[in-house]
Structures are given as C-alpha cells and as structure tokens.
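Trainee: I have a model open and want to learn how to read its features. Where do we begin?

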Amino acid sequence: TNGGSLTSHLVSIWVNNATHHQRYEINIFINSGDTTSYTNNNVNLPNKPYQVKVVTERGNTAVFTSN
C-alpha cells in the first residue's frame, strides 16, 4: 500500500534471513493511496524467521518480518 502523496516506483525486493540475502529487481509503479500485490515464481523464501524489504527508486523501504 502506498500511503504517501506521490506515485512510488518500486525497484527491488530483498529477502533476508541469517544465512540468505537475495535481491530481486522489479519495476512496479503504485499510485498514491493504491494497493498492489506482486508474484514472482523466482523468489524463494528462506526458513523463518526472514525479512522482506521493498525498496523504491527514492530509497524508501517497506519491511515485512515473518514470525
């Protein structure tokens, strides 16, 4: 969800845990106030706990942490 007042350009996803650090390039634009989902069969989630970071072109991040 883009809670900001500007359109965001999402450029990468990071998937990290204690032994796994992987960056995936993406190219998604999300308008202000909109919500989107992203599916990529090449993204492999490691054993829990892990963290997923979505990074914008401006360097802002959104973080999800598994339990």
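Mentor: We take the pocket, then the strand pairing, then one peptide bond. Keep in mind that this is a predicted model.

Trainee: How does one look for empty space, and how much of it lies in the largest pocket?

Mentor: Rolling a probe the size of a water molecule over the atoms shows where empty space is left. Here the largest pocket holds about 720 Å³ of space. Its lining counts 31 residues. Closest to the centre are Thr1, Leu10, Ile30, Val54 and Ala62.

Trainee: Which strands each supply at least two residues of that lining?

Mentor: Four are on the list: β1 (8-16), β2 (21-30), β3 (51-56) and β4 (61-65).

Trainee: Which of them gives the most?

Mentor: That is β1, with four residues in the lining of the largest pocket.

Trainee: How do the lining residues divide into nonpolar, polar and charged?

Mentor: In the largest pocket, 14 are nonpolar and 15 are polar. Two are charged.

Trainee: Now the pairing. How do β1 and β2 run, and how many bridges join them?

Mentor: They run antiparallel, and eight bridges join them. For one facing pair, look at Trp14: Arg23 in β2 stands opposite.

Trainee: What joins β1 to β2 along the chain, and through how many residues?

Mentor: A hairpin makes the link, through four residues.

Trainee: Last, the peptide bond. Which residues does the cis bond join?

Mentor: Check omega. The bond between Lys48 and Pro49 is cis, with omega at about 0°.

Trainee: Where does Pro49 lie?

Mentor: Pro49 sits in the loop between β2 and β3. Both of those strands also contribute to the pocket lining.

Definitions and conventions. Residues are numbered from 1 along each chain as its sequence is written. This is a predicted model: local features need pLDDT of at least 70, side-chain atom pairs count only at pLDDT 80 or more; totals for chains, interfaces and linings use all residues. Side-chain values use heavy atoms; hydrogens and water are left out. On a 1 Å grid over the protein atoms alone, a cavity is a set of points where a 1.4 Å probe fits but cannot get out, and a pocket is an open set with protein on both sides within 12 Å along at least five of seven lines; lining residues have an atom within 4 Å of a point. Grid points are joined across faces, edges and corners, and a volume is the space filled by probe spheres set on the points. Ala, Val, Leu, Ile, Met, Phe, Trp, Tyr, Cys and Pro count as nonpolar, Asp, Glu, Lys and Arg as charged, and the others, Gly among them, as polar. Two strands pair if DSSP finds at least two bridges between them.
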